[in-house]
Amino acid sequence: MDSTFESIKALYSKASQNATELVNRAKMTEHLFMIILAIFIGLLAGFGALGIRVLIHTISDYCFNGSGTLLENIIATPWYIKLLVPALGGLIVGPIIYFFAPEAKGHGVPEVMQSVIKKGGIIRPRVALVKAFASAVTIGTGGSVGREGPIIQIGASLGSTVGQFFNLPTSRLKTLVGCGAAAGIAAAFNAPIAGALFAVEIILMDFTAKQLSPIVIASVMATVVSHSFEGDFAAFAVPHYELKSAYEISFYFLLGGLSGLISWIFIKVLYFFEDFWDEKIKIPAYLKASIGGLLVGAIALLYPQSMGVGYDSISNALLSNSVWHVALVLIFVKILATSLTLGSGGSGGIFAPSLFMGAMLGAFFGYVVNYIFPDITAAPGTYALVAMGGLVAGTTRAPITAIIIVFELTKETSIILPLMIVVTISMILSSKLSRESIYTLRLLQRGIKVKDTADYSILSSILVRDLFDKSYVHIDEKTNFREVVYQIISKKQTSLAVNSIDGDFIGIISIDNIKEFLLDSDELQHVLIAGDMADKNVPRVMPNDSLKVVIEKMSKCDYDGLPVVNHENVDKIIGMIWRKDVDDAYHKEINRHQLTSDLATKLTLDNANEDIHFLEGYIITEIEVPMDFIGKTIKELDIRSKYGVDIISIKDSSQKDSNIKAIPSADHLFQSSDMIIVAGQASKINMLKNI
């Protein structure tokens with residue numbers, strides 16, 4: 001068995017190497033190559049989405065057989081079948097996920113985001129197969145989840161697999177992951193614009209043209225596949241909307257607030273149940289999904305609408321055919337059923353449940369306002385439609401995607417104004433109640449901050465000592481109020497350092513500190529002194545701290561500058577570090593990193609044994625890691641300051657295909673098998689080679 005696996009692995013490695021060499025000999029531009037891969041990934045994801053749909057329908061038709069709609073078939077199913085089928089589905093799904101691909105558990109999008117942020121876009125190929133089967137079984141047997149989350153993860157996995165096959169560098173691999181995710185959304189909803197926006201707004205968090213072009217192509221190709229087999233039509237039929245009165249706009253503000261509140265409740269309940277099942281239920285993990293399925297089946301005995309994706313119930317709400325009190329109850333029933341399904345270990349998405357909750361909330365709210373103000377309000381179905389966007393925006397914090405996806409699901413343009421209001425208010429309120437979205441909260445619980453992307457981590461390699469202002473303005477603690485005001489105005493500084501008579505640092509005075517005293521300046525100018533006004537709890541930084549540390553400390557206070565103090569004596573200030581200088585350094589690093597990354601990509605793909613000259617006297621080249629570097633990190637070695645070069649990427653020479661092993665993270669620990677691509681003056685790189 002092991003020998004067979006090794007043979008397959010060797011064949012894959014050889015095919016990958018041959019494919020990469022073939023691409024290099026083709027001499028095509030990088031942009032053209034990425035477009036070709038995007039087309040291929042879009043087609044793959046499109047057919048993958050079709051396969052998922054067919055599999056879900058096959059399983060659900062077998063489990064809930066009948067001649068009506070899925071909801072009608074579930075209602076007509078005997079009670080013991082409704083109770084046991086979801087449990088059986090969980091019994092199948094649990095072991096498959098546990099033993100073959102734990103990443104396939106849950107709604108999938110946080111795992112894709114984590115792969116982009118922490119793994120450079122690398123996703124194991126098996127995830128696509130396991131996620132497809134596990135999600136189809138979960139949904140087909142009545143699990144209260146959506147199909148779009150699995151399709152996103154499957155598409156992203158396909159994109160990552162294609163990128164890894166061609167040995168692409170990290171930056172391009174991430175783009176292909178975005179292509180797969182976009183294609184998944186596009187194929188799931190027949191929504192190419194929403195697919196592209198979802199990928200750049202949530203998965204990559206990058207709207208640059210270089211990222212967007214292949215993502216749009218992949219999204220379009222997946223939609224073409226979907227249209228070819230299922231037709232180009234709106235997912236939901238809705239009546240035409242007209243604003244009956246200007247007063248009606250006020251109701252949409254209120255609906256937006258309710259959407260934000262329900263979004264927050266959904267996020268909290270979902271993660272409560274996930275933590276509860278992980279920490280409190282002491283049974284084997286692969287059996288938990290069956291217990292969760294049994295509980296979902298018990299809920300379905302009273303509310304069969306809670307089972308599955310729920311599109312039939314959404315359609316009824318949009319056509320104003322829902323009963324108001326049932327719609328109200330179904331909001332919370334769906335929250336509970338979805339949380340049980342995902343928390344216990346099922347596999348599926350949260351997009352469709354969000355649409356379901358929005359439709360029920362809007363139907364209930366629309367009935368109430370229509371009953372009280374019949375002459376100035378639209379039908380309940382109109383409110384159901386806009387609330388769908390509100391719940392998506394409130395849970396995902398992706399307002400543009402929410403607006404576009406509702407439009408593409410219904411092809412109804414007249415609803416755009418109230419939709420924009422509801423989406424905006426929902427997102428604002430939900431963000432106030434919970435800083436993290438339904439996706440980023442899971443990452444935060446794993447210790448991953450979304451802002452710690454590769455771009456942000458660049459600041460880890462820049463030290464305070466290279467940037468701080470040594471000619472800072474300071475005053476002593478006895479300086480009177482009038483002189484303090486004069487110094488701030490004349491020196492054009494937003495903050496002043498205050499020292500004691502002995503020269504020790506006391507604190508900071510900012511322009512905000514003195515605002516409250518300005519009206520009484522005549523009385524205070526000879527009474528109030530700098531030592532009384534100074535903030536003595538201001539954070540301090542040291543010369544060897546990174547700019548990432550500075551940003552984190554600045555985010556916790558209102559100062560545009562922080563004091564830089566001596567290592568030996570933290571009361572001795574030696575300068576100030578300013579937010580403006582940090583921002584300038586950040587943007588300069590981003591531009592430099594993009595330039596050198598593009599050149600490094602060229603080196604990696606086309607000229608592995610050649611130096612690339614990008615400025616007079618400057619080169620990018622590949623060298624073996626010096627022996628003195630092994631077992632140490634980039635941060636420990638202080639490579640930029642000591643050697644005057646930048647590390648662009650790190651490769652593993654022990655692999656025949658020399659895959660990119662790491663992006664230049666300050667915490668990367670060098671190993672003997674590492675090959676490093678460096679940029680800098682040719683003379684300094686030659687010195688580095690001889691260490």
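**Strands, cores and cavities in a predicted model**

In this predicted model, Asn499 has Phe505 of strand β3 as its bridge partner.

Q: In what sense do β2 and β3 pair, parallel or antiparallel?
A: Let's start from the bridge between Asn499 and Phe505 in β3. Five bridges link β2 with β3, the strand of residues 505-510. The sense of this pairing is antiparallel.

Q: Which residue takes a positive phi in the hairpin of β2 and β3?
A: Look at the stretch that connects the two strands: five residues lie between them. One residue there has a phi near 95 degrees, and that residue is Gly503.

Q: Which residue of β2 does His474 stand opposite?
A: Turn now to another neighbour of β2, strand β1, which covers residues 474-476. These two strands run parallel and are joined by three bridges. Opposite His474 in β2 stands Ala497.

Q: How many residues of β2 are buried?
A: Try sorting the strand by direction. Ser495, Ala497 and Asn499 point one way, while Leu496 and Val498 point the other way, and both sets are buried. For β2, residues 495-499, the count of buried residues is therefore five of five, where buried means under 20% relative accessible area.

Q: Which helix gives the largest share of the largest nonpolar core?
A: That core has 135 residues, and Phe189, Phe198, Ile203, Ile314 and Tyr439 have the most contacts inside it. A single helix, residues 351-372, supplies 12 residues, the largest share of this core. The helix is α15.

Q: How many residues are in the other core, the one with Val541 and Ile551?
A: First, a glance at the largest core, where Phe198 is among the residues with the most contacts. Leaving aside residues up to four places away in sequence, Phe198 touches Val109, Ile152, Ile185, Ile203, Phe351, Thr401 and Tyr439. Apart from this core lies another, whose members include Cys557 and Val582, and its residue count is 23.

Q: Which element gives the most residues to the lining of the largest cavity?
A: The structure holds three cavities of 30 Å³ or more, and the largest has a volume of about 100 Å³. Two elements give two or more residues to its lining: α4 (79-100) and α12 (285-302). The one that gives the most, with four residues, is α4.

Q: How many charged residues are in the lining of the largest cavity?
A: This cavity is lined by 15 residues, with Pro86, Gly90, Thr138, Ala289 and Thr341 nearest its centre. By class, 12 of the lining residues are polar and three are nonpolar. The number of charged residues is none.

Definitions and conventions. Residues numbered from 1 in each chain as written. Predicted model: local features only at pLDDT ≥ 70, side-chain atom pairs only at ≥ 80, totals over all residues. Heavy atoms only, no water. 1 Å grid on protein atoms, 1.4 Å probe; cavity = no way out; pocket = protein on both sides within 12 Å on 5 of 7 lines; lining within 4 Å. Points joined across faces, edges and corners; volume = space filled by probe spheres on them. Nonpolar A, V, L, I, M, F, W, Y, C, P; charged D, E, K, R; others polar. Core = buried A, V, L, I, M, F, W, Y, C linked by side-chain atoms within 4.5 Å. Buried < 20%, exposed > 50% of the residue type's maximum accessible area, 1.4 Å probe, protein only. Contact = heavy atoms within 4.5 Å. Pairing = 2+ DSSP bridges.
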